[in-house]
Amino acid sequence: MSTRVPLSDGFVNGDVSFWFRSSGLPPAGAPLDGDLEADVVIVGAGYTGLWTAYYLKKASPALRVVVLEKEFAGYGASGRNGGWLVGELAGTPERYAKSHGVEPAKRFQRVMFEAIDEVVAVAAEEGIDADLVKGGVTTVATNAAQDRRLRGVLSHARHWGWTEDDVRLLEPAEREERLRVSGAVNAIWSPHCARVQPAKLVRGLAEAVRELGVEIYERTPVTEIAPRTARTPYGTVGAKHVIRATEGFTAGLRQYHRAWLPMNSSMIVTEPLGGLWDAIGWEGCELLGDMAHYYMYAQRTADGRIAFGGRGKPYLYGSRVDDRGRTHEWTIEALWDLLTGMFPAVRESRVAHAWSGVLGVPRDWCATVHLDPATGIGWAGGYTGHGVTTANLAGRTLRDLILGEETELTSLPWVGRRVRNWEVEPLRWIGVHAMYDLYRRADAREKDGLGRTSVLARLADSITGR
């Protein structure tokens, strides 16, 4: 590792995540041991699979619900993410409105806001201590181009029904009082976000579903999903409903290899900052983001660190995943430079842990929930980085679809949404890396104040539909 990044004596690179390091890696449970029959079999023990199992057993305790997991519950993005329980849609309201109309898209957004409180309420009810604090989210702009985008985001939110109570500009004095980001020229704040320790949440949720009688078989990779069937090396599970809840690992199933692209995201976490907080501010538990194209995300942890994330190498050829979380040296350096650029005082600290994970990205960057009654196969995902909250809504929606109930949730515009597959390689790799190269170049020009980013930015944004 380059000496340019100061590392703690006990620095760890990979091995899942800092969140599991601090809360303890759970011992993997028993694998499947032979064929069995169930009412519902769920592939993947992350947030989507566990929330679906939780709400199904709450609604219909007699159902036999089985969850199959390749590693252990929470091993994927659910135990590695930035800890943002955020209310933004996974995708653009315009795309949901195109198929269902403006008002359903606006209703979808309101239901997403409500999902934050649902997670907080269930955690309290189940006694899950996940460091949850609903402190909102601050988004900063650090140059003139970012400020223009920030004001555009605010205007766009107003157009789609966000009121002053949902998001507002911060006056300079309030912005500095909240947290002092070096070079900040403007900021907005929204109450619709909560901090969470993601591994604590997923471990607590797994314990809750087990107590409800859900069977979780770990160390059990699913090799094929077929109508009313999930096949593994250790046996086959037959069920009326088979739910795919594999998010960033979906490409590992040969039949779904091009459905969702596994996008890589990386994080570092500092040592506890102690007296350095005096220079930073950030006395609350709000989350922090910025308006760069190659954006960052951060939280102040319950034990007084900064957990700071962003894109590393965004995509590995052939939809491969570095699933132990090991992070490239240059990514750690880039995240450290971003962090210390925003908070110079942090240079007096060191990096304690670095890790990476993958999130699921559909071709149109919009999430979906679906259940095919003819085959019994259903799925939810493609959250594009908004999965901590969206997975809860997905679990409740899948519950209603499986139980055959027509509800407000089953009428939301992401239900039954069909998206074309990603391109074959090498087109997939070339396209993703070209897009993120445009983002990097645009951000570099903006940082240098060259003022020539509009074409680059528009081109990159048109690819993702921002």
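**Briefing: confidence, cores and a pocket**

The protein chain has a mean pLDDT (the predictor's confidence in each residue, from 0 to 100) of 93, and 95% of its residues reach 70 or more. This is a predicted model, in which local features need pLDDT of at least 70 and side-chain atom pairs count only at pLDDT 80 or more, while totals for chains, interfaces and linings use all residues. Residues are numbered from 1 along each chain as its sequence is written, and side-chain values use heavy atoms, with hydrogens and water left out.

**Nonpolar cores**

- The largest nonpolar core (buried Ala, Val, Leu, Ile, Met, Phe, Trp, Tyr and Cys residues joined through side-chain atoms within 4.5 Å, where buried means under 20% relative accessible area with a 1.4 Å probe, protein chains only) holds 76 residues, and W51 and W414 have the most contacts inside it.
- Helix α4 (residues 102-126), helices being DSSP runs of H or I of at least four residues numbered from the N terminus, supplies the largest share of this core, eight residues.
- Leaving aside residues up to four places away in sequence, W51 touches V119, V122, L205, A391, N392 and G395, a contact meaning heavy atoms within 4.5 Å.
- A separate second core of 28 residues has A298, L335, W336 and A345 among its members.

**Low-confidence segment**

- Over residues 452-466 pLDDT stays under 50, and for this segment the model has 31 contacts beyond four places in sequence.

Conventions: Buried means under 20% relative accessible area, exposed over 50%, partly exposed in between (1.4 Å probe, protein chains only). Helices (H or I, at least four residues) and strands (E, at least two) are DSSP runs, numbered from the N terminus.
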